[in-house]
Amino acid sequence: MEPSVSIQTRNLNLWYGDFQALINVNLNIRQGIITSLIGPSGCGKTTLLRCFNRVNERYGNVTTTGEIKIFDKNIYDEDVSLIELRKAVGMVFQRPNPLPLSIYENIVFGLRIHSRRQNLNRSQLDEAVEQSLTEVGLWKDLKDHLNTKATSLQLEQQQKLCIARLLPLKPQLILMDEPCSALDVEATRNIEELMLDLAGEYTIVIVTHNMAQARRVSSECIFMLMGELFEHNSTADMFIIPKDPRTAEYIEGRFG
Ligand SMILES: Nc1ncnc2c1ncn2[C@@H]1O[C@H](COP(=O)(O)OP(=O)(O)OP(=O)(O)O)[C@@H](O)[C@H]1O
Ligand SMILES: [Mg+2]
């Protein structure tokens, strides 16, 4: 059976003003696996990632053409609600960015916004907090500190919390832009383990500069160069028999 596709782009182009940052990108990202976006600084990884929840549109003079389908729905259709899109497509950033609120409030914040009409009661919220903190491995350590300010946690815990707060919204996709770049080796390993635990249930796309990380966590890699998708391959093939000499040069660290 063909694996399901979670993200499909067709002839995707993006300009910041008159600078073209994405050039005719065509890709199919598979459901339930981790895909890494790799490539030298400025090649468009973050820009591509931010297309998947239409966050680029916040950055001023951006023009996008082409098609992006997420689970078969074109996210540029007029009837697409940005609020619903961003609920379905969660994002984690380089620096953990919890809200300056308690751990508990960080987790229930999204739920409160997205389920205003349902008026969730306290026990439903409590359950969501326990479930999502358990999923990211924080429940045991934090269950007696739920009123602590999230910004006072260690960076690793903050980043896990930033992942945890997406989960009550049942995201179809989780995007991570260099999620470990602010973390030490130990914390990086723990976040990588968490990503591997979440893969399967969730579809994850990460941007990373760390080739060893791409190799450890992802099933597939996409190598980008100057706004173009250069090579999309299984991680094993990308690192052992890349199709293009420039892919090989980049992953061997000869440029970028
Ligand atoms: N808001 C913006 N306005 C204008 N140009 C931008 C903007 N954001 C990014 N760019 C340009 O678009 C290109 C792609 O940038 P992007 O941030 O997507 O690259 P990247 O691959 O994520 O790089 P890095 O590895 O350094 O994070 C770069 O040339 C960058 O200067
Ligand atoms: Mg970037």
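This note goes through the ligand site, a sheet and the cysteines of a predicted model.

1. The shell around ligand 1. Ligand 1 is surrounded by 14 residues. The closest are Ser 41, Gly 42, Lys 45, Thr 46 and Thr 47. Sorted by class, the shell holds 6 nonpolar, 6 polar and 2 charged residues.

2. Where the shell comes from. Two elements, strand E2 (19–30) and helix H1 (45–51), each contribute at least two residues to the shell around ligand 1. Helix H1 gives the most, with 3 residues.

3. Polar contacts to ligand 1. Three side chains are to be checked here. Lys 45 places a polar side-chain atom 2.8 Å from an oxygen atom of ligand 1. For Thr 46, the distance from a polar side-chain atom to a ligand 1 oxygen atom is 2.8 Å. In the case of Thr 47, an N or O atom of the side chain is 2.5 Å from an oxygen atom of ligand 1. As for cover, ligand 1 has 640 Å² of accessible area on its own, and the protein covers 65% of that area.

4. The sheet. Four strands form an open sheet in the order E2-E1-E4-E5, and the pairing is antiparallel. Its edge strands are E2 and strand E5 (73–74), each of which pairs on one side only. Strand E2 thus appears twice in this note: it is an edge strand of the sheet, and it supplies at least two residues of the shell around ligand 1.

5. The E1–E2 pair. Strand E1 (residues 5–16) runs antiparallel to E2, and the two are joined over 8 bridges. Within this pair, Thr 9 stands opposite Leu 27 of E2. A reader who wants to check the register in the model can begin at these two residues.

6. Disulfides. How many disulfides does a search of the whole structure find? The number is 0. Cys 43 is in no disulfide, and the nearest cysteine sulfur, that of Cys 221, is 13 Å away. Cys 221 is likewise in no disulfide, with the sulfur of Cys 43 as its nearest cysteine sulfur, 13 Å away. A disulfide calls for two cysteine sulfur atoms within 2.5 Å, so a pair 13 Å apart does not count.

7. Burial of the two cysteines. Are Cys 43 and Cys 221 buried or exposed? Cys 43 counts as buried because its relative accessibility is 1%, where the cut-off is under 20%. Cys 221 is buried as well, with a relative accessible area of 0%.

Technical notes. Residues are numbered from 1 along each chain as its sequence is written. Chains are lettered from A and ligands numbered from 1 in the order in which they are written. This is a predicted model: local features need pLDDT of at least 70, side-chain atom pairs count only at pLDDT 80 or more; totals for chains, interfaces and linings use all residues. Side-chain values use heavy atoms; hydrogens and water are left out. A residue is near a molecule or strand if one of its heavy atoms lies within 4 Å of it. A polar contact is a pair of N or O atoms within 3.5 Å; within protein, one must be able to donate a hydrogen and the other to accept it, and residues adjacent in sequence count only if both atoms are side-chain atoms. Accessible areas come from the Shrake-Rupley method with a 1.4 Å probe; for residues, only the protein chains shown count as cover. Ala, Val, Leu, Ile, Met, Phe, Trp, Tyr, Cys and Pro count as nonpolar, Asp, Glu, Lys and Arg as charged, and the others, Gly among them, as polar. Two strands pair if DSSP finds at least two bridges between them. Buried means under 20% relative accessible area, exposed over 50%, partly exposed in between (1.4 Å probe, protein chains only).
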